[in-house]
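Colleague: I'm new to this one. Could you walk me through its charged pairs?

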Amino acid sequence: MPRPSSKERLLDAAADVLLSQGGESLTLEAVAKRAGVSKGGLFYHFPTKQALVRAMADRLTRAFEDALAQAGPHPGDFLRAYVEATIPERHTTATVPADRVTVALLAVLFVDPAELEPLRERFAAWQARLADDGIDPAAATAVRLAVDGWWAARLLGLGPPGPELHEATRRYLMEAIDRAARE
């Protein structure tokens, strides 16, 4: 397995700082120290904290977009990929590292609402793609909003469904997509 690039190592270090010390501790100095590089080495890739945060958000959304790229050509396939990339098939109480980074990163982004603009643009593009997925755009949007709310509930621990209800709810949403694709 190839070694991660310096830029990727810095992004990993930034995620580590966020997860271990919180958003208020995300400084360029802390990231450089965690990555074992000089501040000059960090500045080469990320001249500002905003550039670092943008790159972290971009990495998370790129991973999501890679999962969406697996969508097939049939009606509803993009929406199915959206559900699959957002909600795991099986319930888990474990918080995956990407989810923990997402929560911490969102906290940082909310401090500077302008930094949310690239994320807003990506969601708008995903919504446009969902509305053009070959099924009723209202059905696609309803499923997307349900999934986004569920995702937020899981990330923030706001009463997400338990194991049986998790699997039944996910199955219900996938069946709703299948019904919309047949209509």
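**Charged pairs and how they are called**

Modeller: Sure, starting with Glu117: glutamate 117 has a relative accessible area of 37% and is partly exposed. Keep in mind that this is a predicted model, where local features need pLDDT of at least 70, side-chain atom pairs count only at pLDDT 80 or more, and totals for chains, interfaces and linings use all residues. Residues are numbered from 1 along each chain as its sequence is written, and side-chain values use heavy atoms, with hydrogens and water left out.

Colleague: Why is glutamate 117 called partly exposed?

Modeller: Buried means under 20% relative accessible area and exposed means over 50%, with partly exposed in between (1.4 Å probe, protein chains only). Glutamate 117 has 37%, so partly exposed is the label.

Colleague: What makes arginine 120 and glutamate 117 a salt bridge?

Modeller: That term needs a side-chain nitrogen of Lys or Arg within 4 Å of a carboxyl oxygen of Asp or Glu. Here the closest N and O atoms are 3.6 Å apart, so the pair qualifies.

Colleague: Why is arginine 80 called buried?

Modeller: Its relative accessible area is 18%, which is under 20%, so arginine 80 is buried. Aspartate 178, at 29%, counts as partly exposed.

Colleague: How do you know that arginine 80 and aspartate 178 meet in a salt bridge?

Modeller: Their N to O distance is 2.9 Å, so it falls within 4 Å. Arginine 80 lies in helix α5 and aspartate 178 in helix α9, so the pair ties together parts that are 98 residues apart in sequence. Helices here are DSSP runs (H or I, at least four residues), numbered from the N terminus.

Note on methods
Helices (H or I, at least four residues) and strands (E, at least two) are DSSP runs, numbered from the N terminus.
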